[in-house]
Amino acid sequence: MSKVTSILLAGVGGQGIVLASRVLAEVALKTGNEVKVSEIHGMAQRGGSVVTHLRFGKQVFSPLISPGQADFLVGFEKLEAIRLLPYLKQSGYLIVNDQEIFPLPVLLGKASYPDDIIFYLRKQTSRVHYVAALEKAQKLGSPQVVNMILLGVLAQYLGISPDCWEEVITKSVRSEFMELNRKAFREGLTLLNRYPLENAL
């Protein structure tokens, strides 16, 4: 049976998860893989949970990732990373954007946002990489390119040529935002040096 790579992207509406998953799917297709994708959106168009299951390989039978089977979990928001953590396999990698977006109960004062998330995640897995993606995106000129920064981090694990990624990004965004998105992706490529590529899939 051929190897299938399973990736979960999790965050909230407005963080560009759908665009990121489409770029990732197109990149995987261009490298000769079969790709299956399933998107789950929360009730609110903006602010609700958004989760994408994406699997690629020579032959993929289902788009859905079972608990404990994700090779990668990319958390665009810290609480969402915790919520989806049971899907990550023991040898999987967790990439977390160090960003807090308060859910409705927190905004209404009925709950508090946990302040020990990083400590908790470190206790769950040693294969975790924190990314100050929002801060980096703001420095580049737009918080909306958080998704491309996180894709740049993920790309280093997948061993697919950056040129392939940039070609897909170029085709996937409007021309006026093309260079900004490519720059954000390149920024993400510089952020991961914790795990050498020989440990990638």
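This tour walks through a predicted model, starting at the sheet and ending in the nonpolar cores.

**The sheet.** Select the six strands first. They form an open sheet in the order E2-E3-E1-E4-E5-E6, with mixed pairing. At the edges are strand E2 (34–41) and strand E6 (128–131), each of which pairs on one side only. From one strand to the next, the twist averages 15°.

**The E2 side.** Now select E2 together with strand E3 (residues 49–57). These two pair in the antiparallel sense, over eight bridges. To see the pairing at a single position, show Lys36, which stands opposite Arg55 in E3. Then add helix H1 (residues 17–30), which packs on the sheet and touches strand E1 (4–12), E2 and E3. The direction of H1 makes about 170° with that of E2.

**The E6 side.** Move to strand E4 (residues 70–75) and E5, which pair in the parallel sense over five bridges. Here Gly75 has Val96 in E5 as its bridge partner. Follow the chain from E4 through helix H2 (residues 78–84) to E5; this β-α-β crossover is right-handed. Next, select E5 and E6, which run parallel and are joined by four bridges. Val96 appears again here, standing opposite Tyr130 in E6. Color strand E5 (residues 88–97) by accessibility: seven of its ten residues are buried, so the strand is largely enclosed by the rest of the structure.

**Helix H6.** Select helix H6 (residues 146–158). It has 13 residues and reaches 19 Å from its first C-alpha to its last, close to the 18 Å expected at 1.5 Å a residue. Because 13 of the 13 residues of H6 are buried, the helix is largely enclosed by the rest of the structure. Step past its end to Gly159, which follows H6 and has a positive phi, near 70°.

**The cores.** In soluble globular proteins, nonpolar side chains tend to be buried together. Show the side chains of Leu151, Leu154, Leu158 and Trp165: of the 41 residues in the largest nonpolar core, these touch the most other members. H6 gives the most to this core, with ten residues. Center on Trp165 and display its contacts. Leaving out residues up to four places away in sequence, Trp165 touches Val23, Leu24, Val27, Leu151, Ala155, Leu158, Ile160 and Phe185. For the last stop, select Leu73, Ala81, Leu88 and Val128, which are among the 18 residues of another core, lying apart from the largest one.

Terms used: Residues numbered from 1 in each chain as written. Predicted model: local features only at pLDDT ≥ 70, side-chain atom pairs only at ≥ 80, totals over all residues. Heavy atoms only, no water. Pairing = 2+ DSSP bridges. Axes fitted to C-alpha atoms, helices over the stretch in contact; angles between N-to-C directions. Contact = heavy atoms within 4.5 Å. Core = buried A, V, L, I, M, F, W, Y, C linked by side-chain atoms within 4.5 Å. Buried < 20%, exposed > 50% of the residue type's maximum accessible area, 1.4 Å probe, protein only. Expected span 1.5 Å × (residues − 1). Right-handed = clockwise from strand over helix to strand, strands pointing away.
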